[in-house]
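Hi,

Here is the structure I promised to pass on. Have a look at it first, and then read my notes below.

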Amino acid sequence: MTRGRQQWQRGQETLQAVLAVAFILLPVLFGIVELGGLIHIWIGEQAAAAIGARVAGERGEDDAVVRDRIRTELVAAGLDPKHVQVSVTPTYVRWGQPITVQVVSHRHLAIPFLFTRDVTLASRYVGRGEVNH
């Protein structure tokens, strides 16, 4: 091979490596980061739903104390309570009856060069009434 052809081939190999990194490895890296963020949000919602179900069971109803505790747990996880929907059903229970807390949020997942999609994250916990009204 001549010297000019060897330099051309090295340049071509460099270009192939750059394209491989740009179109294969970067989307994988961004996908890992995006998935990690979604898992962080989901774990925060799980914690908020769990503590909400426990407090709702202790109080036997859905009231401001329950909502405030859920909000506090969401903020502690770094989540904005304004972007999360919380439902507690039923609103009033007796001893041993189930009370369900569901926390739902809608997020946008975007991975460059691959896809963008809206994702719904939902967490649900069931507590038992611990009071006899």
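Here is what turned up, starting with how far to trust it.

This is a predicted model, so to speak of local features takes pLDDT of at least 70 and side-chain atom pairs count only at pLDDT 80 or more, while totals for chains, interfaces and linings use all residues. Residues are numbered from 1 along each chain as its sequence is written, and side-chain values use heavy atoms, with hydrogens and water left out.

The protein chain has an average pLDDT (the predictor's confidence in each residue, from 0 to 100) of 90, and 93% of the residues score at least 70. Confidence is lowest in helix 1 (residues 3–59), with a mean of 87, and highest in helix 2 (residues 64–76), at 97. Helices (H or I, at least four residues) and strands (E, at least two) are DSSP runs, numbered from the N terminus.

Now the sheet. It is open, with 3 strands in the order 1-2-3 and antiparallel pairing; two strands pair if DSSP finds at least two bridges between them. Strand 1 (84–89) and strand 3 (115–128) are the edges, each pairing on one side only. Strand 2 (residues 98–111) is joined to strand 3 by 14 bridges, and Gln 102 stands opposite Arg 124 in strand 3.

One last side-chain detail: the charged end of Arg 117 sits over the ring of Phe 115, 4.6 Å from its centre. That term needs NZ of Lys or CZ of Arg within 6 Å of the ring centre and within 35 degrees of the ring normal.

Cheers
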